Amino acid sequence: MTTRAQPSCPLCGGELRFSHREYLGGRRSARVLRCRACGAQVRGDAQDDDTRPRPALPARKRPLPDGGHPDNFVLDPTTAEMLRQALGDEPAEPEA
Ligand SMILES: [Zn+2]
């Protein structure tokens, strides 16, 4: 496997590029490729999304390094407090 096999357009043999993902209903979807030369769209194999892991949440908690905040941790106190509360790093002030 030295080079990735590039799919080619069945109509003109041009280069196919990933265009978008088409949802087929339920949890199934398929990649749709578009020919750069003639614009033909080719649907790839349907995939069952149920077998695919869900994308990880973008907000990922990372433990602070030993010794506290990194040196470039430049935040004003208000933003830092908002971040702490948003991340659940510290318990919020007790509510009445
Ligand atoms: Zn084509």
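Reader: In what order do the elements of the protein run from the N terminus on?

Author: First, a heads-up: this is a predicted model, where local features need pLDDT of at least 70, side-chain atom pairs count only at pLDDT 80 or more, and totals for chains, interfaces and linings use all residues. Residues are numbered from 1 along each chain as its sequence is written. Helices (H or I, at least four residues) and strands (E, at least two) are DSSP runs, numbered from the N terminus. The protein has one helix and three strands, and from the N terminus on the order is β-β-β-α.

Reader: Where in the protein is confidence highest, and where is it lowest?

Author: The score here is pLDDT, the predictor's confidence in each residue, from 0 to 100. Over the protein its mean is 78, and 61% of the residues reach 70 or more. Where pLDDT is low, the predicted coordinates should not be read in detail. Among the elements, the highest mean is 94, in E2, and the lowest is 82, in H1.

Reader: Which strands sit at the edges of the sheet?

Author: The three strands make an open, antiparallel sheet in the order E1-E2-E3. Two strands count as paired if DSSP finds at least two bridges between them. An edge strand pairs on one side only, and that fits E1 (16-25) and E3 (41-48).

Reader: What does the twist average from one strand to the next?

Author: For angles like this, axes are lines fitted to C-alpha atoms (for helices, over the stretch in contact), and the angles run from 0 to 180 degrees between N-to-C directions. From one strand to the next, the twist averages 25 degrees.

Reader: How many bridges join E2 and E3?

Author: Let's follow Ala-30. Its bridge partner Glu-22 belongs to the pairing of E1 with E2 (residues 28-35), which is antiparallel over eight bridges. Ala-30 also has a bridge partner in E3, namely Ala-46. E2 and E3 pair in the antiparallel sense too, and their bridges number six.

Reader: Which residue takes a positive phi in the hairpin of E2 and E3?

Author: Five residues lie between the two strands of this hairpin. The one with a positive phi, near 85 degrees, is Gly-39.

Reader: Is Phe-18 buried or exposed?

Author: Phe-18 is found in strand E1. A residue is buried if 20 or more other C-beta atoms lie within 10 Å of its own, exposed if 12 or fewer, and partly exposed in between, with C-beta atoms placed from the backbone. Phe-18 has 11 of them within 10 Å, so this residue is exposed.

Reader: Which residues does Arg-28 touch, not counting those up to four places away in sequence?

Author: Arg-28 is in strand E2 and, with 13 other C-beta atoms within 10 Å, is partly exposed. Its C-alpha atom is 5.5 Å from that of Gln-47, although the two are 19 residues apart along the chain. Touching means being in contact: the C-beta atoms, placed from the backbone, lie within 7 Å. Leaving out residues up to four places away, Arg-28 touches Ala-46, Gln-47, Asp-48 and Asp-49.

Reader: How many residues of helix H1 are buried?

Author: Buried residues make up 3% of the 96 residues in the protein. H1 (residues 77-87) has eleven residues and is followed by Gly-88, whose phi is positive, near 70 degrees. The helix lies largely in the open, because the number of its residues that are buried is zero.

Key
Contact = placed C-beta atoms within 7 Å.
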